[in-house]
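Thank you all for making time this morning. I would like to walk you through one chain, beginning with a single residue and then stepping back to the whole.

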Amino acid sequence: MAEVSMAVAAFVRTPGHRPGKTRLAAGIGSERTAEFYRLALAVTEAVLESAGRVGLAPYWAVAEPEGVRDSRWQALPRLWQGEGSLGERQDRVYRHLLETHPAALLIGADCPLLAPGDLLEAGRRLGGGVPFVLGPATDGGYYLFGGRMPVPSAVWNEVEYSGPETAGQLLAALRPLGVVDLLPELPDVDTRADLGLILRHGRAGGELLPQQRALIGWVEQWEGRGRDGVGLDA
């Protein structure tokens, strides 16, 4: 019997179904935010497909029940996140994946510098026996969670999400359950100011996917002047 692969699920919303990235939209407008999200999804899909070619099992974790059937997601297996808070939805997806996989990684679609190598490194650490891995974001959140052990629902639901202490709270709650390895810090994009971090952070010489170069080029355009001649920092 073939060995069951470790899973990686990207939490996404279906474009055109629900408003999203509201804090980013407040800074750059809904149209530009939709452009960003389209490019970010392309990056995420490329990262998942690359991970699939080296032995991970990729999934879309879709926010809307009707979105699961959307043609946008048909290239990969799909899960519905379910109703509830972000903690409840992560709990549900993680628990489901551990029923059929030896370990699972959860990522979002708003960390454009996340690379296939980051997923492989997280998988390597879990495969080596570490119970949990966490990828902290520069704003205090996290861009990746991975584990090979069950996590009580209370752990997920006691964390205050979208705040500067989010990763720290989850880390503190996980440590009594087992060792948590940390991955390098990366920026994710929730606000207008975060777009500049994408340019300033870079990948320290790391190779970029074509989709990442396209997104960075878009950020450079808006950071410098914007289509209407007004820079993002104006």
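Let me start with a question: leaving aside its neighbours within four places in sequence, which residues is T138 in contact with? Before I answer, please keep in mind that this is a predicted model. The residues that T138 touches, once those sequence neighbours are set aside, are E185, L186, P187, D188 and L197. T138 itself sits in the loop between β5, which covers 132-136, and β6, which covers 142-147. As for L197, it is 59 residues away from T138 along the chain, yet the C-alpha atoms of the two are separated by 8.9 Å. T138 counts as partly exposed, because its relative accessibility is 32%, and the limits for that class are 20% and 50%.

The second residue I want to point out is S162, which is found in the loop joining α5 (153-157) and α6 (166-174). Its phi is near 60°, a positive value in a residue that is not glycine, and I mention this since most residues other than glycine have a negative phi. Is S162 buried or exposed? S162 is exposed, because its relative accessible area is 61% and the class begins over 50%.

Now to the chain as a whole, which has eight helices and seven strands. For 234 residues, a compact globule would be expected to have a radius of gyration near 17 Å, and the chain agrees with that expectation because its own value is 17 Å. Along the principal axes, the C-alpha atoms fill a box of roughly 55 × 35 × 35 Å. Of the 234 residues, 52% count as buried, and when we take contacts between residues at least 6 apart in sequence, 67% of them join residues at least 24 apart. The accessible surface comes to about 10,700 Å², with 53% of it belonging to carbon and sulfur atoms. Turning to charge, the chain carries 23 positive and 29 negative charges, and the mean positions of the two sets are 3 Å apart.

Finally, a word on confidence. The average pLDDT of the chain is 89, and 91% of the residues score at least 70. Over residues 225-234, however, the pLDDT is below 50, although this stretch has 22 contacts in the model beyond near neighbours in sequence. Where pLDDT is low, the predicted coordinates should not be read in detail, so I would ask you to treat the contacts of residues 225-234 with that caution in mind.

Note on methods: Residues numbered from 1 in each chain as written. Predicted model: local features only at pLDDT ≥ 70, side-chain atom pairs only at ≥ 80, totals over all residues. Heavy atoms only, no water. pLDDT = per-residue confidence, 0-100. Contact = heavy atoms within 4.5 Å. Helix = DSSP H or I, 4+ residues; strand = E, 2+ residues; numbered from the N terminus. Rg over C-alpha atoms; globule rule 2.2 N^0.38 Å. Buried < 20%, exposed > 50% of the residue type's maximum accessible area, 1.4 Å probe, protein only. Areas by Shrake-Rupley, 256 points an atom, 1.4 Å probe, with all protein chains shown as cover. Lys, Arg positive; Asp, Glu negative; His and termini not counted. Charge placed at Lys NZ, Arg CZ, Asp CG, Glu CD.
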